[in-house]
Amino acid sequence: MPIASSDKMAAARGEDALSALMALVRADLEACNRLIVERMQSPVALIPQLAAHIVAAGGKRLRPLLTLAAARLCGYRGHRHVALAACVEFIHTATLLHDDVVDESALRRGQASANALFGNKPSVLVGDFLFARAFQLMVEDGNLEVLAILSAAAATIAEGEVLQLVTQNDTATTEAQYLQVIEGKTAALFAAATRIGAVVADRPPPEAEALDAYGRNLGIAFQLVDDALDYAAEQERLGKTVGDDFREGKITLPVLLAFARGDEAERGFWRRVLEERAQAETDLAAAQTLLERHGALRDTVERARHYGDLALQALSRFPDSAERRALADIVAFCIDRAR
């Protein structure tokens, strides 16, 4: 999937959207970053050392940005959203540390993963520490609804990851099961991150539901694009080894589409490489050829656009503002990563 000049322009517009959102909440984001650095400190030296490695690895802070912008969209002018945005980032970072161990990933955002540098045991334990820090921040906020939203999201993320483990290497996985996985492991935290913006602003339930729908559909679109990129992008753009999902036998939508549309010989190929994990050096290229032949990557991105449209519809409940426009543009940013 080469990047044409028009695609490069679209990708640049996406980066501009992220920059615009960051500029809109810059003071809040700086305060959030300071709090993240402060709260990942510990007298146990390995904890801040390992945590700093993943925090410094170049993440875009998308989820905490969504919390900050959602609160401002709802007219909130206090400071609670800053600590809650840090809480969201700690939950996200903890799951990354755990996921890289489970997936045996060597790269994270183009750099050596924490488990590759420090080992599996320290990565899991520091992930636990960051989860604990997240819950401390929730308790300090003191709002039971916020605690309920974020704790439920943490549980749902774990359920999504376990379900992915159960369906991994199984070509009989259905699209419904796949969607259940990504709604759990990715979309749940996006939804929580945006919903708490309405809660801290004490907005009525329909607005909280609208922001939940925005975040949830954005998260699904984000993961769909990620799953397409694993087969389509250059390593430098993706920030991880291309074909990781293939090598691990993960069942993602591109694979499900190609499997359903292929002939028996092609389905035999997918069973061999994903279920039996009998992979030759040329099999990733063969898989990419099949995905291209059946339009699987194109249709996965189109599915992402559908969920992006649902996210935009949810935003329509709110009056026009700089925050609403910025959140709408983030939908394009998430999808245009596939260009």
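**Exercise 1. Is Asp141 buried or exposed, and which residue does Asp141 pair with?**

*Step 1.* Start with accessibility: Asp141 has 19% relative accessibility, so Asp141 counts as buried. Here buried means under 20% relative accessible area, exposed means over 50%, and partly exposed lies in between (1.4 Å probe, protein chains only).

*Step 2.* A note on what you are looking at: this is a predicted model, in which local features need pLDDT of at least 70 and side-chain atom pairs count only at pLDDT 80 or more, while totals for chains, interfaces and linings use all residues. Residues are numbered from 1 along each chain as its sequence is written, and side-chain values use heavy atoms, with hydrogens and water left out.

*Step 3.* Now find the partner. Asp141 makes a salt bridge with Arg80, and their closest N and O atoms are 2.8 Å apart. A salt bridge is a side-chain nitrogen of Lys or Arg within 4 Å of a carboxyl oxygen of Asp or Glu.

*Step 4.* Place both residues. Asp141 sits in helix α7 (residues 120–141) and Arg80 in helix α5 (residues 80–103), so the pair ties together parts 61 residues apart in sequence. Helices are DSSP runs (H or I, at least four residues), numbered from the N terminus.

*Step 5.* Check the partner too: with 28% relative accessibility, Arg80 counts as partly exposed.

**Exercise 2. Which parts does the salt bridge of Glu209 and Arg195 tie together?**

*Step 1.* Look at the contact: the two side chains meet at 2.8 Å, N to O.

*Step 2.* Locate the helices. Glu209 belongs to helix α10 and Arg195 to helix α9 (residues 175–200), so the bridge joins parts 14 residues apart in sequence.

*Step 3.* Add accessibility: Glu209 is partly exposed at 44%, whereas Arg195 is buried at 16%.

**Exercise 3. How many salt bridges does a search of the whole structure find, and which residues are linked in a network?**

*Step 1.* The search finds 23 salt bridges.

*Step 2.* The network links Asp103, Asp245, Glu248 and Lys250.

**Exercise 4. Which helix gives the most to the largest nonpolar core, and what does Leu62 touch?**

*Step 1.* The largest nonpolar core has 109 residues. Such a core is a set of buried Ala, Val, Leu, Ile, Met, Phe, Trp, Tyr and Cys residues joined through side-chain atoms within 4.5 Å.

*Step 2.* Helix α10 (residues 205–232) gives the most to this core, with 14 residues.

*Step 3.* Leu62 is among the members that touch the most others. Leaving out residues up to four places away in sequence, Leu62 touches Leu18, Phe190, Phe222, Ile330, Phe333 and Cys334; contact means heavy atoms within 4.5 Å.

Definitions and conventions: Helix = DSSP H or I, 4+ residues; strand = E, 2+ residues; numbered from the N terminus.
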